[in-house]
Amino acid sequence: MCARDSFFEEFNACDKELIEIVEKLTELKKEDIHILLEVSHTLPYISALEDGDAYVDILTEENRLAVVVAQHRNPKWDFYGRNIVGETMWRSNEPAVYRALETGVTSRGLRAIIAKGKLAIRQNVSAITNDDGKVIGCLIVERDFEDKHFVGLCDDVKQFDASLYSGIELQNIG
């Protein structure tokens with residue numbers, strides 16, 4: 001077995017950047033950082049599954065701001081057109097991110113404003129927790145607000161819901 005001088009010795013450049021940002025801006029334990037790394041390694045798969053860009057954000061200790069620590073740029077979307085790791089996300093533009101980071105509540109399909117107010121997108125956001133249930137970050141997937149597939153799926157669900165209830169008599173059971 002290989003001996004390591006440091007818990008984080010054998011990581012790639014993206015991993016090292018995540019570790020550096022988290023250690024600088026938070027008081028998270030090494031085990032928490034390891035969880036964030038594990039989630040960051042799944043971003044390409046989540047991005048492909050959800051057909052959008054995927055991110056991991058943390059909440060800074062000092063001023064309680066959301067900062068991107070990992071990003072997967074989906075070739076179809078790539079909303080920012082650049083690497084945004086290390087950038088701050090503002091509460092007024094991305095309320096679902098702050099909601100997840102501060103309360104642990106998952107949000108699906110909420111609108112957010114990105115790219116310096118130039119683009120409206122849909123976000124799915126879920127808290128990332130450690131073994132003690134403490135929120136240590138959040139996972140974000142962003143999709144085009146006017147994605148035809150998403151709109152079509154919503155229409156299909158509405159039609160399915162309507163077909164479930166057509167011809168059913170509702171009775172008051174009492």
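1. In this predicted model, the largest nonpolar core comprises 44 residues. Those with the most contacts inside this core are Leu-18, Val-22, Leu-36, Val-56 and Ile-128. As general background, nonpolar side chains in soluble globular proteins tend to be buried together.

2. Leu-36 may serve as an example from the core. Apart from its neighbours within four places in sequence, Leu-36 is in contact with Leu-18, Val-22, Leu-28, Val-56, Ile-58, Ile-128, Ile-136 and Gly-137.

3. The next topic is empty space, which is revealed by rolling a probe the size of a water molecule over the atoms. The largest pocket has a volume of about 250 Å³. It is lined by 16 residues, of which Cys-14, Ser-40, Leu-43, Ala-70 and Gln-71 are the closest to its centre.

4. Four elements each supply at least two residues of the lining of the largest pocket: helix H1 (13-25), helix H2 (30-41), helix H3 (43-50) and strand E2 (66-72). By type, the lining residues are seven nonpolar, six polar and three charged.

5. Gln-71 deserves separate attention. This residue belongs to strand E2, and it counts as buried because its relative accessibility is 17%, under the 20% cut-off.

6. The side chain of Gln-71 has polar atoms placed close to two backbone atoms: one lies 3.2 Å from the backbone oxygen of Arg-82, and the backbone nitrogen of Ile-84 is 2.8 Å from a polar atom of that side chain. With neighbours within four places in sequence left aside, Gln-71 is in contact with Leu-43, Ala-54, Tyr-55, Arg-82, Asn-83, Ile-84 and Val-85.

Notes:
Residues are numbered from 1 along each chain as its sequence is written. This is a predicted model: local features need pLDDT of at least 70, side-chain atom pairs count only at pLDDT 80 or more; totals for chains, interfaces and linings use all residues. Side-chain values use heavy atoms; hydrogens and water are left out. On a 1 Å grid over the protein atoms alone, a cavity is a set of points where a 1.4 Å probe fits but cannot get out, and a pocket is an open set with protein on both sides within 12 Å along at least five of seven lines; lining residues have an atom within 4 Å of a point. Grid points are joined across faces, edges and corners, and a volume is the space filled by probe spheres set on the points. Ala, Val, Leu, Ile, Met, Phe, Trp, Tyr, Cys and Pro count as nonpolar, Asp, Glu, Lys and Arg as charged, and the others, Gly among them, as polar. Buried means under 20% relative accessible area, exposed over 50%, partly exposed in between (1.4 Å probe, protein chains only). A polar contact is a pair of N or O atoms within 3.5 Å; within protein, one must be able to donate a hydrogen and the other to accept it, and residues adjacent in sequence count only if both atoms are side-chain atoms. Contact means heavy atoms within 4.5 Å. A nonpolar core is a set of buried Ala, Val, Leu, Ile, Met, Phe, Trp, Tyr and Cys residues joined through side-chain atoms within 4.5 Å.
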